[in-house]
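Thanks for asking me to look this one over. My notes follow as numbered points, so you can check each of them against the coordinates as you read.

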Amino acid sequence: MDLLNVVKARSVWLFDINDLNPRGKSVFPELIDWLKDNYSFSKVPSSPADFDETKALAFLDGHFQAKEEIFLSVDLRIYNDGLIADTRASTKDTDAFLADVLDSAMREFTLAHGSEINRRTLYVSELTVRSSRSLDGLNPGLLDFCKRISVLLGIENKAPFETFGISFWNDPALPTGLQHFRLERKVGVPFSENRYYSIAPLQSDDHLALLKEFESLLGG
């Protein structure tokens with residue numbers, strides 16, 4: 001399973017945003033201007049009341065220096081209950097960006113907390129990968145089943161069916177909330193290109209490692 005590109009590496013830090021500023025110091029609109037200048041966002045809120053469709057203060061198409069001479073494109077959304085950031089690098093880099101935002105803002109505005117604030121962290125990893133192994137390899141009976149569908153549709157010699165994807169979900173009755181791990185062929189791409197899309201509530205590195213482990217179940 002080879003990584004072709006990172007579609008999204010999202011980090012979600014959940015905490016009460018007021019804990020950063022417990023005594024209600026006035027930091028707007030200075031904070032908006034500071035974020036724009038520090039991270040070169042091309043789109044920022046026009047005011048503290050300029051929420052996007054998700055009810056967030058959205059800072060889009062910014063830049064974060066992850067390493068020497070390596071700058072990442074970043075998006076940041078500020079909510080009452082935390083922060084969401086996206087990169088196309090890895091969730092580790094996205095976490096590093098959020099830590100930099102909080103630690104730098106703490107110093108700039110004398111806030112009560114930085115990246116050490118008590119929080120719950122969630123992840124969304126979306127990857128495009130390539131595998132020469134077909135999902136039909138999960139079970140030899142899948143080939144016959146797909147052929148049966150194709151025959152009934154009268155397209156067995158024109159556009160035969162193949163197993164397109166597989167999903168793993170947790171029980172929505174459990175207190176962890178509904179989460180899913182999905183692997184499927186890239187929509188609109190010829191099967192011969194062996195391109196797959198996958199989404200998981202994991203750190204990027206763990207996500208890719210699991211995909212490689214899954215590939216070993218396909219045989220071939």
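1. Thr94 sits in helix 2, and in this predicted model its relative accessible area is 0%, so Thr94 counts as buried. Leaving aside residues up to four places away in sequence, Thr94 is in contact with Ala9, Ser11, Ala85, Asp86 and Thr87.

2. Thr87, one of those contacts, belongs to strand 4 (residues 82–87). Thr87 is buried as well, because its relative accessibility of 3% falls under the 20% cut-off. With residues up to four places away in sequence again set aside, Thr87 touches Lys8, Ala9, Ser73, Val74 and Thr94. Ala9 is therefore on the contact list of Thr94 and on that of Thr87, given that contact means heavy atoms within 4.5 Å. One further distance to check: the C-alpha atoms of Thr87 and Gln203 are 12 Å apart in space, with the two positions 116 residues apart in sequence.

3. Back to helix 2, this time for its packing. Helix 1 and helix 2 pack with their axes 12 Å apart, at an angle of about 130°. That angle makes helix 1 oblique to helix 2, and the crossing is right-handed. Helix 1 contributes Glu30, Leu31, Trp34, Leu35 and Tyr39 to the contact, while helix 2 contributes Phe97, Asp100, Val101, Ser104, Ala105, Glu108 and Phe109. Sorted by class, these are eight nonpolar, one polar and three charged residues.

4. How many salt bridges are there? The count comes to six. One of them joins Asp52 and Arg77, whose closest N and O atoms are 3.1 Å apart. Asp52 is in the loop between helix 1 (30–39) and strand 2 (57–67), and Arg77 is in strand 3 (residues 70–79), so this pair ties together parts that are 25 residues apart in sequence. Asp52 and Arg77 are both buried.

5. A second pair worth a look is Asp205 with Lys92, a salt bridge with an N to O distance of 3.5 Å. Since Asp205 lies in helix 4 (residues 204–215) and Lys92 in helix 2 (residues 91–109), the bridge ties together parts that are 113 residues apart in sequence. Are these partners buried or exposed? Asp205 is partly exposed, with a relative accessible area of 46%, whereas Lys92 reaches 52% and so counts as exposed.

6. Please also check Arg182 and Glu184, which form a salt bridge with their closest N and O atoms 3.2 Å apart. Arg182 has a relative accessible area of 22% and is therefore partly exposed. Glu184, at 16%, counts as buried. The two values lie on either side of the 20% cut-off, which is why the labels of Arg182 and Glu184 differ.

7. My last point concerns His180, which is found in strand 7 (residues 180–185). His180 is partly exposed, because its relative accessible area is 23%. Which residues does His180 touch, not counting those up to four places away in sequence? They are Phe168, Trp169, Ile199, Ala200 and Pro201. For Trp169, there is also a backbone distance to compare with your own: its C-alpha atom is separated by 4.4 Å from that of His180, and the two residues are 11 apart along the chain.

Definitions and conventions: Residues numbered from 1 in each chain as written. Predicted model: local features only at pLDDT ≥ 70, side-chain atom pairs only at ≥ 80, totals over all residues. Heavy atoms only, no water. Salt bridge = Lys/Arg side-chain N within 4 Å of Asp/Glu carboxyl O. Helix = DSSP H or I, 4+ residues; strand = E, 2+ residues; numbered from the N terminus. Buried < 20%, exposed > 50% of the residue type's maximum accessible area, 1.4 Å probe, protein only. Axes fitted to C-alpha atoms, helices over the stretch in contact; angles between N-to-C directions. Parallel < 35°, antiparallel > 145°, perpendicular 65-115°, else oblique. Left-handed = near helix turned anticlockwise from the far one by under 90°. Nonpolar A, V, L, I, M, F, W, Y, C, P; charged D, E, K, R; others polar.
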